[in-house]
Structures are given as structure tokens and as C-alpha cells.
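Student: I am new to this structure and would like a close look at a single part of it. Could you walk me through one helix and what lies around it?

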Amino acid sequence: MFQKLKFTEIFLNLLNFSRRKKIFFILIIDIFCALISTFISFFLRYDLKLSFFDYTLMPLILSLSFIVFFFIFRIYNYFSRYIGINSVKKFTYSLFFYTIFYFSIINYLSQPGVPRSVGLIQPIIFSLLIFINRVSIIQFLNYINSNFNLKNAIIYGNHKNASEYLNKIKDYKIAAIIDEKIKLKKYSIDGIPILNLNDLNNFFSKIYIDKIFIILENNNFIFRKDLRKKFEIYNKDISFIPSIDELVKGKYSIKEINMIQLDDLIERKIKWNKDKIKNYINEKVIVITGGGGSIGSELVKQIHSCRPKKLILIENNEYNLYKIINDIEEIDINHNLIPCLISLNDFEQVENIFNEYKPDIVFHAAAYKHVPILETNIISAVKNNIFSSINLINLSIKNNVNDFILISSDKAVRPTNIMGATKRFVELYLQSLVMEKNIDEFTSLSAVRFGNVLGSAGSVVPLFNEQIDNNGPVTITHKEMTRYFMTIPEAVGLILETCIFKNKSKIFFLNMGKPIKIIELVKKMIELKGKKIKINDFDDGISIKYIGLRPGEKLHEELIISGKSEKTIHPDINVAIEDHLSHSIMVNHLDELKNSVKQKNIIAIKKIFKKTVEGFKS
């Protein structure tokens, strides 16, 4: 028993070898099979007499030619416990051509003492030994897998697609394939049963399954959510995998497709009037600042589908600009996008764009948004979020732009951080123009305020996805923290909806639903991934770690300052009724800010925010 266990451990160590070492190990065995089959063929041909050793050198060397054919047909490209139909074909082809080659050379050379029949007997014996060799290794691997705690898994999906994964899923023994369309009973692939979904309860009662791999034919969230519900009753770890065709095309990676999708986390569905929006945007010249960012790129996609006359993207990140252009080109190679790789702080270049293209609508989505970073980069925050925004507003008025839409944030409400203070300052400047300059007949100035969008740059969801996939811990700032959440397409759809309102010079805020506890969001993500939360140190599962509030963070965000609001014709868009400052006061505060920035006086900047922005706390 000790010797048997020791031998098994040696074999398990072989499985942990690098790919090159595994190939070398199998190659040595195959060379031995080739040499021994040559001796056996002579032994049989010489009537079991050992009088042939003087003639075997050339046939022995020739027998090693199998190596060429095995590498041509990539026999050594994998080392697996399964042999599928493709691997059988490769072996058959390589041995067939090896037989023809070996037989032809032996007959052509006609060396004395080497019977021509050896040219046929040797390949037959060699093929038989190779077959026995491979089957023995596979049987032994399966024995180890079933006796050394390798986890069991099943694959759900089309059995043809599932068979392609048998050699590719490591660390799991595939116990069954579930194909709802299969009707044949006792049908299997490489000894693995193919079952119908109705057979699953009975199958689970016979064998414990650790994981369910689900093959997605498409990444539609409704399809994916239905599959989750179908298997959640079994309380198993679930992973999604794309079909091999989609994987080869590069459409999805396994990591991407297994990430929790945003629609999995939010039940409600928000609608917007796409036809009216299309009619309004059609044939207009539109500027989008921050066109490569999370909100900006979605604005580009939705607006492009409405066929504007020109779509000008202002973006200071080269990669983001490249990516959104590339995304649109995959849909429409003859697009009318005009990429402008510039900073909004370059006022002269921005002014040139307005003078050249005469935009009808401006969507201002560009801003520095990362709260903790802006706490230590206050001057950059003021320059980028305030000075460039106000310059953009003034240029829009000067050039008789029809609509200027500021993309604002819930962090502008009684802000405890610099990012929120900069956003609110611009809102106040915009309000002062609307209320006292009477420019509504020329340019509509509006702001749209909303909370967190799932999937944006800096969103917690991708971070939580990664932490859960790495088996934790998942880091949360505070157990009581809540946030409003909405998907990016929904937020952008509602932003565009405000454009078709008759009275547009307002501060709008979006109905974000009820605030969601971050801890509940994490629990739902862990559950959707088929994993468990770690309760104590002795449990398996994902642990949750509280790391404390970061600089400038609030426990709870708000969407309006005064609590007063008006409804609009859309149930998910409201108007904030809030106090404002006169335009002359805002101009004075703006001048003070410019002087403070010039002097790099951080204390003075914060004092200006305190007397301008209601509720600001540094």
C-alpha cells in the first residue's frame, strides 16, 4: 500500500510539471514504444528467434521518424485525461502517414536481413503500443482524480460546445454534461454522461457536484438572469463560459463573461422617448466633452444612433478617444465623428472648435471625479471642473448654442469634498445666468444631477467583481454606507430626455430609486457568483473587510439641497427647487477663485467654497 501511494504521489508530481517537461516525458515513452515495437516486429518475423540484431540499426533509426509526424499533427500540444474525437483523428492521421512513410522506406532500401513485412508489422505494433500507452495514462489519471479529492463539476449547454471544453477546464473532473435539447437516453461523450435538466436532481443525489459551468450562447442579461434562477436552487458555485466560437472570435473572454453584469443588480427598468429624442437631435451639430469617459462614451453611442449632422468629441485622454472611435467604427465605418484631442483648459483651442463648427447642443460630461484624489489636488480640480466649465458655458452663450447640458453629481449637494464643491459652484454659476441674465430665449442652460452609475470608471462594481473572483476579501468603507445606483445607458437616456422638455433651463435630478446599502450590494454579487460569505475564520467563503471612510466621502448621498422639487412629464426626472446667488456675486467669487489659484492659496479656495456652496465642509 505504501509503495502504491508513493508511486501515485510521483505521478501527481509529474502532472505539476511545466508543459515542456510533460511533452518530454511523454516523448520518451513514445520513443521507447517505437524502439520496442521494432524489436518485436523482427522477433515475430524471425520466428521468435534472436538472430536479427545485426540488421536492426537502420529500422530503429527509421522508427524515430514518428516524432516528425506527431509534431506535424500537434499530438503533444496537450496533456489531458480526456481523448475526444479531434485527438483521435490527429492520432489516426499521424500514424497513417507514419505507416506509409516507414513501409515505403523499408521497401525502397531493401536492406539485406530486413524483411519487407517489417515495414508493415512495426507500425501496427507501434500504433497498438501508443494506444495502450495513452489509454493507460488516461485511466490512471481518472483513478487519481476520483481518489484524490479533485472537485466535480458539470457543464450546462449544447453538448457539442461542452465537449470542446473537456480538455480545457483544469482542476475539475467533469462528471456530466447537461443539454436540455438532448433526447437520447444513455448518451455520452468520452464516457461522460449527457443528461437532460430533469435528470439533475437524481444525478446530484448520487454524486456531489462542486461547480456548474454554464455555456452562454450570448451575453444577454435576461438570458443570463434566467439561467441563474434555474440553477440557484441547487446552491452550487456557478461560472459562465462563452461558447468556443465566441471565445475564438475574441468577442468575450471567460473573465469578462463571468463578471456580474450591471442589470443583474438593478431590477427596475427605466424608459425614455427615443423617437422624440431622435427627431430633436437629427441633423444637429453636437459637442460632447469627455467623449471617451463613462458617461461621455455612452452619450456618443446613443446620439450617434440619432444621426446628428456632426458629432464633435472633446477628450484629453488619447486612449479613451481611440476606444470610442473604434467602438463606433465597428457599427458604422462612415461615421461623422470629429475627434478633438485637447484639454478644456486650453481655452483658445476650445474657442476655435466653437467658431469652426457652430454647435447646436453641448453636453459637458468632462470632469475630474475621483473624490480622494481631488482632496489633495485642489488647484487642478478648480481649474478643470470650474474654470473650463464656465468658459464652456460662456462660449455656448456667445455662439448661440441651443442647449447646454451640464452633467452634474449628487456629490454637489451639501458637499463634504472638493469634487462636489466644484460641481455645485458651476451649478450656481449656471443658475445665476438663467435667473438674472434672461438668456433663455437664446441658450437653454440646464444641469442633470444623479448618483453613481454602475460600470463607470471608478465604480465599485468592477472592483468588487475582481475581489470576489480572487476569493476576497471584499473591502467596504463602512457597513452603513448607502449609494444611489443607475446603469450608464439609463442615466444617459434620461439626460437626453431633458433635451425635449419645453422649459429646459433647470437643475434636473434623476429618480435613482431607493439608496442601496453597499453591504447588500456586495452580498447580492457574492450570491450571484454562486459563492458564500465567510461568517467566521473557520468557514469557507468570501470575507468582508471594513476599511473606513476615505477623505471627502459621505455615508449617505443626497440628490436635492432644500428637499423641495417639482415633477416633470417624465416620472424619473424631477426639478430641484433651490436657492441661488446673483450673477454679480458669482462673478466676484469666480474672480476670487482665480486669484487664489494664481497664488496657490488652498485655504483661500476653501473659504470661497464655504461662503458660496451651501453645506460645504472640508
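Student: What covers the buried residues of H13?

Tutor: Happy to help! Keep in mind that this is a predicted model. Let us begin with the helix itself. H13 spans residues 274–281, and its buried residues are Ile-277, Tyr-280 and Ile-281. These three sit on the same side of H13, because the arc they cover around the axis is only 90°. If you look at the other side of the helix, you will find Asp-275 and Asn-279, which are exposed.

Now to the cover over that buried side. Both strands and helices take part in it. Among the strands are E7 (285–289), E10 (361–364) and E11 (403–407). The helices include H14 (294–304) and H21 (488–498). So that you can place one of these along the chain, look at what follows the helix: just after H13 comes Glu-283, whose phi is positive, at about 65°.

For a second landmark, turn to an open sheet elsewhere in the model. Six strands make up this sheet, in the order E3-E4-E2-E1-E5-E6, and their pairing is mixed. Its edges are formed by E3 (187–189) and E6 (237–242), each of which pairs on one side only. From one strand to the next, the twist averages 35°. At the E3 edge, the neighbour is E4 (residues 192–195): the two run antiparallel and are joined by three bridges. There you can find Ile-189 standing opposite Ile-192 in E4.

Note on methods: Residues are numbered from 1 along each chain as its sequence is written. This is a predicted model: local features need pLDDT of at least 70, side-chain atom pairs count only at pLDDT 80 or more; totals for chains, interfaces and linings use all residues. Side-chain values use heavy atoms; hydrogens and water are left out. Buried means under 20% relative accessible area, exposed over 50%, partly exposed in between (1.4 Å probe, protein chains only). Helices (H or I, at least four residues) and strands (E, at least two) are DSSP runs, numbered from the N terminus. The arc is that of the directions from the helix axis to the C-beta atoms. Contact means heavy atoms within 4.5 Å. Two strands pair if DSSP finds at least two bridges between them. Axes are lines fitted to C-alpha atoms, for helices over the stretch in contact, and angles run from 0 to 180 degrees between N-to-C directions.
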